[in-house]
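Let's take a friendly walk through this structure. Have a look at the sequence and the 3D view first, and then we will see how the parts meet.

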Amino acid sequence: MKTALAVALAAAAGFSTQAPAQAKEQFVPVNSYWVGPYAPGGSGIAAGMIDYFKLLNARDRGINGVRITWEKCETEYRNDRGVECYERSKNKGPTGATLIHPLSTGITYSLIEKGTTDKIPIVSIGYGRTDASDGRVFPYVFPLMTNYWSQNTAKIKFIGMKEGGMDRLKGKKIVNLYHDSAYGKETIPILETQAKMYGFTVTHIAVPHPGNEQQAQWLQIRQVRPDWVILRGWGVMNPTALKAAAKIGFPRDHIIGVWWSGAEEDVIPAGEAAKGYIAAGFNAPGADHVVIREIQKHVYAKGQGELEDKSRLGTIYYNRGVLWGILTTEAVRKAQERFGKGKPMTGEQVRWGLENLNIDDKRLKELGAVGFMQPLKVSCMDHEGGGAVKFQQWDGGQWKVLTDWIASDQSIVRPMIEASAAQYAQEKGIARRDCSTEK
Amino acid sequence: MLYREAGQFKSTYAEDQQIFPIRQDRIALAVFLAFALLVVPAIGNQYWLGALLTPFLIFSLAALGLNILTGYAGQLSLGTAAFMAVGAFMAYNFVLRVPGIPILLAFVLAGICAAAVGIVFGLPSLRIKGFYLAVATLACQFFVLWALQRFGWFSNHSTSGVITAQQIVILGYAFDTPARKYLLTLGVVAVMALAAKNLMRSETGRAFMAVRDMDVAASVIGIPMMRTKLLAFAISSFYCGVAGALHAFCYLGTVEPEAYSLDLSFRILFMIIIGGVGSILGAFLGAAFITLFPIFLNLASSWVNEFFGVEISHAVVSNLESIIFGGLIIFFLIVEPQGLARLWQITKEKLRLWPFPH
C-alpha cells in the first residue's frame with residue numbers, strides 16, 4: 001500500500017504543474033476505443049472526426065483562426081476508463097475541453113452529472129440518454145441529430161410504408177432483438193407504446209454482451225414467427241445475428257437494424273447472409289460527398305490522414321465521425337459569433353453554441369454536406385434537433401440508400417421524453433429551466 | 001537498522017495483542033494514514049482524486065472482500081462483481097425508499113443484503129470444493145445480474161435499467177466534490193481494512209485458515225464447517241457489497257448492471273492473485289496494479305510521443321497496452337507466485353538484517 005501510493009504521488013506532483021499553453025487553440029478530447037469487440041466503430045468514428053479537424057486546420061486555418069487540437073484516449077468502452085479519460089482531458093488546452101463525445105451510452109450516463117458540474121457539454125450523437133432531449137432538465141447534455149426513440153418511430157413508419165399503410169400493422173408480429181445493456185433496452189418502452197397504438201405485438205429478446213452466441217434467441221424467433229425483426233445490436237452481435245437468421249431461413253430484408261447495426265463492419269463478416277439487410281442511418285455512406293473529397297484533397301493527398309487503411313474512407317463509421325466533427329466545430333463557430341470571433345471557447349460558451357446551433361440547407365451547402373446529413377436546429381426545449389432517419393440496404397457490396405429522410409413521430413416521442421425527464425428532475429431535485437428567458 | 005524490534009518489550013496482554021505489534025509499523029501506518037487524509041486531498045487535483053485514487057480504494061475493498069473468502073478461507077469465488085452489484089443497487093433503493101435514512105446506514109444495510117445473497121450462494125460450498133465451487137458461484141454472477149435487469153423494482157423502473165446514485169449527505173455535510181468523496185471512501189476503506197486485519201488474527205480468522213489448509217483436519221479439531229464457511233461467504237460479500245455501494249455513490253454516480261459483469265469478477269480475482277492471496281496488503285497492491293497500471297501505460301505512450309517526437313499509431317498503442325499488461329502479469333507470477341505482498345514481506349525481512357546481513 002505504501003509503495004504504490006508513494007509512486008502515485010510522485011507522479012502526481014509532476015502532473016499538477018502542467019500549465020496550459022496560452023494559444024489560440026480549441027481543445028477537443030477524442031475519447032474512443034481502438035481495442036476490443038467494438039473497435040471497428042470506435043476507431044472509424046475517431047478517425048473521421050480527427051480528419052475533419054485536420055481538414056479545417058489545413059484549409060481554413062482552424063475556426064476563424066483558432067486551431068483545433070485534440071488528444072486521443074482509450075476508453076475500451078468501459079465506464080471506469082471513460083470517466084478516467086474525461087477527468088484526464090477536461091482541463092487541457094487553453095480553455096479546457098470544448099465538449100465530450102463519450103462514445104458509449106454507459107459512459108454518457110456516468111458523465112451527465114460530472115459534465116453538468118464542470119460546465120462541459122456532453123454530446124452524444126445518435127446514442128445516449130434519450131430523455132436528455134428535454135434541454136430544460138439537462139442543460140449540458142445534447143443527444144443531437146436523432147435519439148433512439150425518434151429513430152424507433154421512423155422505423156415503425158418505414159415498416160408501415162413497406163406493409164402499405166400504418167393501419168396494416170394491426171396483428172403483425174415484431175421481434176425486438178436487443179443488446180442486453182442500457183443502450184439495447186432504451187427503446188423497449190416506446191415500442192410497447194407503439195404496439196398498443198397500431199395494434200401489433202412486440203416480443204423483446206435479449207442478447208447478452210458481446211453477442212457472439214445467439215442460437216437460443218433465433219430458435220425463439222423461429223417459434224414466434226415474426227413479420228419483422230428489429231435488430232438493436234452493436235459490434236460483433238450484428239454479423240452473428242445475420243448469420244443466425246440465414247441459418248433458420250428468416251428473410252434478411254425483413255430485419256431492420258438501428259444505425260449501430262448498419263455499417264460495413266457489421267455486414268461484411270456475415271458474407272452472403274447479409275444481402276438484403278436493411279438498416280437505419282443518420283449519415284449517408286459513400287466517399288463522393290463534397291466534404292469527403294475535400295478531406296482527400298487536403299489531408300490524405302499530403303499523407304496526413306488518420307486512417308491506415310484508406311479503403312475505410314467513406315464507410316459508415318468514418319462518415320459518422322466526419323459528421324461529429326462538423327457538429328463539434330459548427331457549435332464552436334456559433335459560440336464564437338456571440339462570445340468573440342477568433343477566441344478559444346470555454347465549455348460553457350460552447351454549450352450556448354450547441355443550444356443555438358442552426359445548420360440549414362444553405363449552411364449544409366457551404367459545408368459540402370448536402371445529402372450527407374440532415375439540417376439541424378437545436379433549441380433550449382429540444383436538444384435533439386433533427387429527428388429524421390434514412391434507410392439503407394446492403395446489396396452484398398455496398399450500402400444503397402432506400403429512402404429520403406423519414407421524419408420521426410414527435411407527437412409520440414416528445415410527451416414520453418418530457419415525462420421521463422420530469423421524473424429524473426424530481427428524483428434529483430432539479431428545477432427546470434424556463435426556456436423563454438434563455439438568451 | 002531502522003526496522004528492528006529489538007528492545008520493544010511487551011509487559012501487558014493488551015500490548016501483546018495489538019494489531020501492529022512492532023512500533024515502526026504503527027508509526028509508519030499512522031504517518032501514512034495522516035498523509036492520505038490530510039496531505040493528499042490538499043495536493044491532489046480532481047483527476048488524481050476522482051479518477052485514480054477513489055476507484056483504486058474501492059477496488060481494493062472489493063479485492064479485500066474476495067481475499068477474505070479465497071485467500072483466507074480457501075473458497076474460490078467468481079461472484080465478486082455480483083455482490084458489488086447487490087450492494088450498489090440496494091444502497092440506491094434504501095436511500096430512495098426509506099426517507100431520511102443516513103447514508104452510511106444504507107451502505108451497511110446494502111452490505112448486509114449482499115451478505116445474505118452470499119450466504120445463499122455459499123451453500124454449495126458445503127458439498128463442493130475448488131473449481132466446482134467456482135462454477136457454482138458463477139451461477140450467482142449470472143443470476144444477480146439477470147434479476148437486476150429483469151425486475152424493474154431494483155432500478156425504480158428506469159427505462160434503460162440504470163440507477164443514478166443520490167447525493168451523499170452526512171450530518172448535513174454534502175460529499176459532492178471528488179476530494180470529499182475520496183475522503184469518505186478512504187475513511188470507509190481504512191476502517192474496514194483494519195477490521196479485516198484484526199479479524200484474521202481472531203478465532204474466526206484462524207478457523208478460516210484451518211478450513212483453507214485442510215478442512216477434514218479442521219472439522220476433526222472441532223471447527224464447525226457450515227458456520228465457518230458460510231461466515232466467510234457472508235463477511236466477504238459484505239465487504240464486496242459496501243465496495244459496490246461506494247462504486248456507485250462515490251465514483252461512477254450512474255451505473256448499469258452490466259458494469260458488474262463477469263469481466264469485473266475476473267479482474268478482482270486477478271487483483272488478489274497478483275497482489276497476494278491471503279494478505280490484506282496484497283489486496284491493495286493488486287488493486288493498484290490492475291486499475292492504475294493500464295492507465296500509466298496509456299499515459300506513458302503519450303510521454304513517449306512528446307519526448308521522442310514519434311507518433312505511434314493509437315491503435316498500436318492501445319493493443320500494446322494489453323500486450324505489455326498481460327506480459328507483466330505472467331512475469332510477476334513466474335518471478336513471485338505468491339504475489340506482490342510477498343515481495344514486500346521479503347523486503348521487510350531484509351530490512352531487519354540491514355546493514356549487517358550475515
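In this predicted model, 16 residues of domain 1 of chain A are in contact with 22 residues of domain 2 of chain A. On the domain 1 side, helix 2 (39–59), helix 4 (105–118) and helix 12 (316–339) of chain A each give two or more residues. Helix 4 of chain A provides the largest share, three residues. Where do the two domains sit in the chain? Domain 1 of chain A covers 22–146 + 285–380, while domain 2 of chain A covers 148–281 + 391–411. Their C-alpha centres are 28 Å apart.

Now turn to the place where the chains meet. Here 35 residues of chain A are in contact with 37 residues of chain B. Among the elements of chain A that each supply at least two residues to this side are helix 1 (2–16), strand 2 (67–74), helix 4 and helix 15 (410–428).

The table sets out the make-up of both sides.

| Side | Nonpolar | Polar | Charged |
|---|---|---|---|
| Domain 1 of chain A, touching domain 2 of chain A | eight residues | eight residues | no residues |
| Chain A, touching chain B | 13 residues | eight residues | 14 residues |

Finally, look inside. The largest nonpolar core has 230 residues, and B:L61, B:A85 and B:A91 touch the most other members. Helix 3 (residues 46–72) of chain B gives the most to this core, 18 residues. Each of the two domains of chain A also gives at least three residues to this core.

Which residues does B:A85 contact, leaving aside its neighbours within four places in sequence? They are B:V144, B:L145, B:L148, B:G244, B:P257 and B:Y260.

Terms used
Residues numbered from 1 in each chain as written. Chains lettered and ligands numbered in written order. Predicted model: local features only at pLDDT ≥ 70, side-chain atom pairs only at ≥ 80, totals over all residues. Domains from an automatic or database assignment. Contact = placed C-beta atoms within 7 Å. Helix = DSSP H or I, 4+ residues; strand = E, 2+ residues; numbered from the N terminus. Nonpolar A, V, L, I, M, F, W, Y, C, P; charged D, E, K, R; others polar. Core = buried A, V, L, I, M, F, W, Y, C linked by C-beta atoms within 7 Å. Buried ≥ 20, exposed ≤ 12 C-beta atoms within 10 Å, placed from the backbone.
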